[in-house]
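Colleague: I am new to this one. Could you walk me through it in short questions and answers?

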Amino acid sequence: MQFHHHGYVSGDPRLQPAAAIGTDRPDQLPTEIEVLIVGSGPAGMLLAAQMSHFPSVSTRIIERRGGRLPLGQADGIQPRSVETFQAFGFAERIVAEAYNIAYMNFWGPDPENPQNIVRTSRTPDYAYSISEFPHLIVNQARVLDYFAEAAAQGPGRIVPDYGLEFVSLTRHDGEEYPLEVRVRSTAGEREGEEHTVRCKYVVGCDGARSGVREAIGRKHTGNSAAHAWGVMDVLVNTDFPDWRTKCAINSAAGNILHIPREGGYLSRMYIDLGEVAADDDHRVRQTPIEDVISKANAILHPYSIDVKQVAWHSVYEVGHRVTDKFDDVPMGDDRSPRVFLAGDACHTHSAKAGQGMNVSMQDGFNLGWKLGSVLTGLSPETLLSTYSAERQPVAQQLIDFDKEWSSLMARKPEEITDPQDLATHYLATAEFPSGFMTQYGPSAIVMDAAHQHLAEGFPLGKRFKSARVSLVCDGNAIHLGHHATADGRWRIYAFADAAAAGQGSQLSRWAEWVANAPESPLKKFTPSQSDVDAIFDIKVIYQQSPAEVDWNAVPELFRPCTGPLALTDWEKVFAAGETDWNDADIFAERELSRDGVVVVVRPDQYVAAVLPLSDPAALADFFAPVFEG
């Protein structure tokens, strides 16, 4: 973590200096707002945390509840989400309080006594096989707390406006603030009062029954499966030996997905309540908790649970729905979008795949930097059209995956031909639920694969998969990707050719062009009064060890002076060669060309371009449509 570049910091370095609107944030909701976020769930709170890094953009987030969420329904945190938490600065703290899934055990009917269950397999969780981040369980409310802290401590000082609900929205094209939004107070002395705000953009993060979605005429299409599940967070005493291990349990009496929770005692159980009659009319949702507990004990036989406390419970029918488009522009219309949908407002599904909160957060991450770039004048409005184009296919993939997983979980014993197939499926499909299968197609912000062969380990359109390197300045081994914070900047990684620093090389010529050529994106798009790395965070990775890199021979591009004191940034120069603390070689691990290669990464951590080090002008060609349209 870097700080002190604006002067000595004696307090919490996570509290960044307030800037622009963050220095004088009005308590009351203004009558004009550039970005209005409706709903403080995972998508909305991440979006607020991201927009706090664009303090010149007036952003507010409204929530109909009177205060913070005390108990969230979602709890599964996939490795991609933890990677995202790292970018927002709180991964280490949330990992410390969460439950870390190390194994998943599978139980089925005992062949000799089918009324009993026995453990059929024990599989290591997939997280560490595909990521340096774990697979966690932690209450959604705590995730929202951390994002709320990040938003409040960012330069924009964004905090939720609780006790305000969305009522209606009207679009008036041609006006500076074209969205007329009615909001209503839900708490306090002004409860029931309505007033109007004018906005440039509105983001509906207001859940499955989204009022914003209804206001723009979007349809939530799909259906519900005729199958019900009870879910409960419980504190129990039990003789079930795997109570603190994630389990999929199949028995003659039904199925359970069992997930230990944070804290060492609490666990969540998804209990199969069976098929729902066609004329049920949702009456199954009134199933008493006593019946759910009784069903759980029947499935667990010969084991049992003695429930001491129920922290939360619900009954739901599996549903799968995707909204027809994630913004307010009809297909074929060339207008720029003004209203966006994120999270449950545009995709709903079962809870058992652990995807809802995770995918919702990536919606917010995808949209936030785009709104910030457009509203600060860096990028054209056309950038915003890529949000729906990129996120809607991801939501459909989620629905397809969840249907398959839900169907497998709900099978009867007689429908299972191989007791190992659920465990096999769990591991074989790990990349999708972990959050790492998302791949955005070619667009103005993801180039084609013409040079993919230069960096096979960084697939275009997929998230930048980190690897260990060493800082040249001190020799410490770090993960390269962990230096990319969620500050709205583009990352440009120059992987050097084999020449050492100071020698004539492709890298030195590339760096000279980027630093000084009039057509360089660094020269063209960095605001004149800003730090040289305000828009582009440019790093170099040498093939040698740290001791072999002559710091003073490193091109000045990678040793910028930033902040009001113009201090040298020592943490943009890395080495891939073996050291006492790092025997990894990122060039080998990520199949990078030894002739050098440039990898461009978007602010939301997805690989945008792979370019030859020998062709610096290719960088200008890529960024021209991003910043000029």
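Modeller: Start with a term: buried means under 20% relative accessible area, exposed over 50%, and partly exposed in between, with a 1.4 Å probe and protein chains only. Helices (H or I, at least four residues) and strands (E, at least two) are DSSP runs, numbered from the N terminus. This is a predicted model, where local features need pLDDT of at least 70, side-chain atom pairs count only at pLDDT 80 or more, and totals for chains, interfaces and linings use all residues. Residues are numbered from 1 along each chain as its sequence is written, and side-chain values use heavy atoms, with hydrogens and water left out.

Colleague: How many helices and strands does the chain have?

Modeller: Count the secondary structure of the chain. The total is 15 helices and 27 strands.

Colleague: Why does the chain count as compact as a globular protein of that length?

Modeller: The radius of gyration is taken over C-alpha atoms, and the globule rule is 2.2 Å times the number of residues to the power 0.38. For 629 residues the rule gives 25 Å. The chain is close to that, so it is as compact as a globular protein of that length, with a radius of gyration of 26 Å.

Colleague: What share of the residues of the chain is buried?

Modeller: Apply the cut-off to the 629 residues. The share that counts as buried is 59%.

Colleague: Which residues of β14 point the other way from Gly254, Ile256, His258 and Pro260?

Modeller: Strand β14 covers residues 254–260, and 7 of its 7 residues are buried. Gly254, Ile256, His258 and Pro260 point one way. Pointing the other way, and also buried, are Asn255, Leu257 and Ile259.

Colleague: Which residue stands opposite Gly254?

Modeller: Two strands pair if DSSP finds at least two bridges between them. β13 (residues 246–251) pairs with β14 in the antiparallel sense over 5 bridges. A hairpin of 2 residues joins them. Opposite Gly254 stands Ser251.

Colleague: What is the bridge partner of Ile259 in β15?

Modeller: β15 (residues 267–275) runs antiparallel to β14, with 5 bridges. Their hairpin has 6 residues in between, and Gly263 in the turn has a positive phi of about 100°. The partner of Ile259 is Arg268.

Colleague: Which are the edge strands of the sheet β3-β7-β4?

Modeller: The sheet is open, and its pairing is antiparallel. β4 and β7 (residues 136–137) share 2 bridges, with Asn100 partnered by Leu136. Two strands pair on one side only: β3 (76–77) and β4 (99–100).

Colleague: What covers the buried residues of α1?

Modeller: Helix α1 spans residues 42–51, and 10 of its 10 residues are buried. Contact means heavy atoms within 4.5 Å. The cover includes β1 (32–38), β2 (59–63), α2 (79–88), α5 (140–153), β11 (194–204) and α8 (356–375).

Colleague: Where is Pro302?

Modeller: Most residues other than glycine have a negative phi, and most peptide bonds are trans. The bond from His301 to Pro302 is cis, with omega near 15°. Pro302 sits in the loop between α7 (289–300) and β16 (305–323).

Colleague: Is Ala20 buried, partly exposed or exposed?

Modeller: Ala20 lies in the segment before β1. Its phi is positive, about 50°, although Ala20 is not a glycine. At 45% relative accessibility, Ala20 is partly exposed.

Colleague: What is the phi of Ala566?

Modeller: Ala566 is in the loop between β23 (561–562) and β24 (567–568). Its relative accessibility is 44%, so Ala566 counts as partly exposed. The phi is positive in this residue other than glycine, near 50°.
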